[in-house]
Amino acid sequence: MALQGPIPVSFAQVFPHGCYVVGEVEAVKDFDASTNGRFVQSRDKTTGELVWQVAVMDADPTVKPGQKTVAVKILAPVQPVPPAPMPNLPFTPVEFDHVTATPYVNGAGRLAYSIKVREMRAPRTGPVASAPAPAKHTSTAGKDVA
């Protein structure tokens with residue numbers, strides 16, 4: 001199968017209505033390497049980068065209240081800093097770059113996704129960037145991956 005490991009996606013595909021930081025950026029614990037009293041931070045299995053986590057609220061009005069808050073994992077050598085708060089907003093808007101989604105089956109037997117990113121930044125002005133258009137092919141041979 002051609003798809004293996006994290007699947008590259010755009011920020012707009014994951015959060016088409018945007019999202020907001022609702023928690024602190026925290027180091028993710030490596031449960032296998034940590035022992036009582038000794039914290040070891042998790043590293044990404046593919047890149048070896050340190051793994052950080054931040055809770056964000058999905059701004060999509062159709063998402064159920066219990067599913068609005070999502071943990072986004074950030075791969076970075078140092079602790080990322082969220083964008084500065086915006087005046088008159090209760091939460092800080094945020095966007096992510098170099099987004100991947102890894103599907104898995106959760107404890108309830110449902111399909112879920114682990115979202116990993118490389119960069120966290122303030123939103124760009126204007127509408128949320130859309131997903132890149134698929135490349136045009138001149139040949140009719142090959143596989144559809146969509």
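Gln41 is a buried residue in this predicted model, and its relative accessible area comes to just 17%. That counts as buried because the cut-off sits at under 20%. As for its place in the chain, Gln41 belongs to the loop that runs between β3 (26-27) and β4 (51-58). A polar atom of the Gln41 side chain lies 2.9 Å from the backbone oxygen of Val51. Leaving aside residues up to four places away in sequence, Gln41 touches Ala27, Val28 and Asp30, and also Leu50, Val51 and Trp52. Val51 thus turns up twice, once as a residue touched by Gln41 and once through its backbone oxygen.

Another glutamine, Gln4, is a different story: it is exposed, with a relative accessible area of 64%. That value earns the label because exposed means over 50%. Gln4 is found in the segment before β1 (7-9). Along the sequence, Gln4 and Thr102 are 98 residues apart, yet from C-alpha to C-alpha they are 9.2 Å apart in space.

Now for the chain as a whole. The protein chain has 1 helix and 9 strands. Starting at the N terminus, the order of the elements is β-α-β-β-β-β-β-β-β-β. Of the 146 residues in the protein chain, 30% are buried. Among contacts with a separation of 6 or more, 61% are between residues 24 or more positions apart.

How far the predictor trusts the model varies along the chain. The average pLDDT of the protein chain is 85, and 85% of the residues reach a score of at least 70. Over residues 127-146, on the other hand, the pLDDT is below 50. That stretch still has 12 contacts in the model beyond near neighbours in sequence.

Next, the aromatic rings. Searching the whole structure turns up 2 aromatic pairs. One of them is Phe11 with Phe15, a tilted pair with 5.6 Å from centre to centre and 40° between the planes. Phe11 and Phe15 are both buried. Phe11 also forms a tilted aromatic pair with Phe96, here at 6.3 Å centre to centre and with 55° between the planes. The pair of Phe11 and Phe96 joins helix α1 (residues 11-14) to strand β6 (residues 92-97), so it ties together parts that are 85 residues apart in sequence. Phe96 is buried, as is Phe11. Taken together, the ring pairs link Phe11, Phe15 and Phe96 into a cluster.

Helix α1, home to Phe11, comes up again at the largest pocket, where it supplies at least two residues of the lining. This pocket holds about 520 Å³ of space. It is lined by 20 residues, and the closest to its centre are Gln67, Val70, Ala112, Tyr113 and Ile115. Besides α1, the elements that each supply at least two lining residues are β4, β5 (69-75) and β8 (111-117). The biggest share comes from β8, which gives the most to the lining with 5 residues. Strand β4 links this part of the picture back to the opening one, as β4 contributes to the lining and also follows the loop that holds Gln41.

How values were computed
Residues are numbered from 1 along each chain as its sequence is written. This is a predicted model: local features need pLDDT of at least 70, side-chain atom pairs count only at pLDDT 80 or more; totals for chains, interfaces and linings use all residues. Side-chain values use heavy atoms; hydrogens and water are left out. Helices (H or I, at least four residues) and strands (E, at least two) are DSSP runs, numbered from the N terminus. Buried means under 20% relative accessible area, exposed over 50%, partly exposed in between (1.4 Å probe, protein chains only). A polar contact is a pair of N or O atoms within 3.5 Å; within protein, one must be able to donate a hydrogen and the other to accept it, and residues adjacent in sequence count only if both atoms are side-chain atoms. Contact means heavy atoms within 4.5 Å. pLDDT is the predictor's confidence in each residue, from 0 to 100. Rings of Phe, Tyr and Trp (its six-membered ring) pair if their centres lie within 6.5 Å; planes under 30 degrees apart count as stacked, over 60 as edge-to-face and the rest as tilted. On a 1 Å grid over the protein atoms alone, a cavity is a set of points where a 1.4 Å probe fits but cannot get out, and a pocket is an open set with protein on both sides within 12 Å along at least five of seven lines; lining residues have an atom within 4 Å of a point. Grid points are joined across faces, edges and corners, and a volume is the space filled by probe spheres set on the points.
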